[in-house]
Each structure stands twice: as C-alpha cells, then as structure tokens.
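Dear colleague,

I am handing over the structure we spoke about, since you have not worked with it before. Please have it open in front of you while you read the notes underneath.

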Amino acid sequence: MKNEKIKRYLQVPTRTLITELQQHFHPTLLKDLAQLMDLFDIVHKKHAEGNPKLAKAYNLFSQFSYRIPLHLFREEQILFPLLIEQENGSAVLTQASFRNMESEHDEDLLMIQAVAELTDNFTPPPQACKSWKKLYEKLENFLSDLELHIAIENDVLFQRFQEKKGLKVAR
Ligand SMILES: [Fe+2]
Ligand SMILES: [Fe+2]
C-alpha cells in the first residue's frame, strides 16, 4: 500500500522532489495543522470534560503541532541544502545527517497513531456534533497525508542518498 503510493515519486529527480516537498508538502502540512488545531480547540472546549480520551488526544495533537515547524525548518534549512550540495559533489553526508529527521518521523507517526487509537480510529461517537465529525474526518486525511510525506522523505529521498553512499542500515 505504502509502496504503491510512493511509486510515482521513485522516478522524480532529487531537486524536483525537494522543491515539491518545500513548496507543496510543507506549506500544506502547516496549513492543515493550523486548521486542525482551531477545530480541535473548539471540540476540546465543548466536549473534553468527562471524555478523558478526547482530552488526551487533544494534548498529544497539540504537542505534535508544536514540534512540526522546527522539523520542517531543519529539513529546509539544513538537510535539503546538504542533499543538493551532495548532488553537486561538495557535501559530506553521513548516516547522522539523516538520523535525527528519521527518528523524528518515527516519533511523529507514533503520536498521530496514538491519536488514532484514542479516537477509535477517528470514529465520532453517536452524539458527536458537526465540528467533532469534521475534526475526525480531517484528522484521518491528515494521517494519510503525513504517512505519504514521511514515506517520500524516508523511503525515496533519504534512501536514494543512503544507498548511493552505502550508508543504508536496516530500518
Ligand atoms: Fe518534510
Ligand atoms: Fe520530515
């Protein structure tokens, strides 16, 4: 399933891939996060009392949303420029160049998967209001966009460099 989704990216040249990540995936992620936080604030205010799982999901998602801008910044300002330099033959990449980003990806996915568990896989309860339903629908889409974004980075972009340099270790 994941392989199917990333198939079309395997043929995309590195610079185009980086441009797409910077100009499409990153801004979209930030925009979706802002909208989701607004919606989650509303649902949390109205319904978290007496609903500890919802409160926990809200706290986790808030933590997640604080982490993301720094991660994107570090990719855009540090790692991606390094990859472009490497393409030009002038950078020294090591496994450590990727390790931080990959472990943040793992943590990010774990956080959103925990949100999925706490919300019964984004299934609104029978009494859910319109905002609550909309929130869960958007969260579900958000998780699948995030999985694709991370797969493009880990399994296409980073892997390309790690294999070339013989850095790839079993994940
Ligand atoms: Fe990214
Ligand atoms: Fe990333």
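The notes below go from the overall fold to one pair of helices and then to a single residue.

Please keep in mind throughout that this is a predicted model. The secondary structure of the protein consists of five helices and zero strands, so that reading along the sequence gives the pattern α-α-α-α-α. Taken along the principal axes, the box filled by the C-alpha atoms is roughly 60 × 30 × 30 Å. The protein has 171 residues, of which 19% count as buried. If one takes the contacts with a separation of 6 or more, 74% of them are between residues 24 or more positions apart in the sequence.

Helix H2, which covers residues 14-47, is a good place to begin, and along its course there is a bend of about 35° at Leu21. Leu21 is also one of the buried residues of H2, a set that further includes Leu17, Ile18 and Phe25 as well as Phe40, Val43 and His44. It may help to recall, when looking at such a list, that an α-helix has 3.6 residues a turn, so residues three or four places apart point the same way.

How do the axes of H2 and helix H3 run relative to each other? The axes of H2 and H3, the latter made up of residues 52-87, come within 10 Å and cross at roughly 165°. Because angles over 145 degrees count as roughly antiparallel, H2 is roughly antiparallel to H3. The crossing in which H2 passes H3 is left-handed.

Among the residues of H2 that take part in this contact are Thr14, Ile18, Leu29, Phe40 and His47, while those of H3 include Leu54, Phe61, Ile68, Phe80 and Glu87. Sorted by type, the residues of the contact of H2 with H3 comprise 14 nonpolar, six polar and three charged.

Phe61, which lies in helix H3, deserves a separate look. Is Phe61 buried or exposed? Phe61 is buried, because 23 other C-beta atoms lie within 10 Å, and the cut-off for a buried residue is 20 or more. Apart from its neighbours within four places in sequence, Phe61 is in contact with Phe40 and Val115, and Phe40 is itself listed among the buried residues of H2. Phe61 and Glu87, by comparison, are 26 residues apart in sequence, and their C-alpha atoms are 36 Å apart in space.

With best wishes

How values were computed
Residues are numbered from 1 along each chain as its sequence is written. Chains are lettered from A and ligands numbered from 1 in the order in which they are written. This is a predicted model: local features need pLDDT of at least 70, side-chain atom pairs count only at pLDDT 80 or more; totals for chains, interfaces and linings use all residues. Helices (H or I, at least four residues) and strands (E, at least two) are DSSP runs, numbered from the N terminus. A residue is buried if 20 or more other C-beta atoms lie within 10 Å of its own, exposed if 12 or fewer, and partly exposed in between; C-beta atoms are placed from the backbone. Two residues are in contact if their C-beta atoms, placed from the backbone, lie within 7 Å. The bend at a residue is the angle between axes fitted to the seven residues ending there and the seven starting there. Axes are lines fitted to C-alpha atoms, for helices over the stretch in contact, and angles run from 0 to 180 degrees between N-to-C directions. Angles under 35 degrees count as roughly parallel, over 145 as roughly antiparallel, 65 to 115 as roughly perpendicular and the rest as oblique. A crossing is left-handed if the near helix is turned anticlockwise from the far one by less than a right angle, and right-handed if clockwise. Ala, Val, Leu, Ile, Met, Phe, Trp, Tyr, Cys and Pro count as nonpolar, Asp, Glu, Lys and Arg as charged, and the others, Gly among them, as polar.
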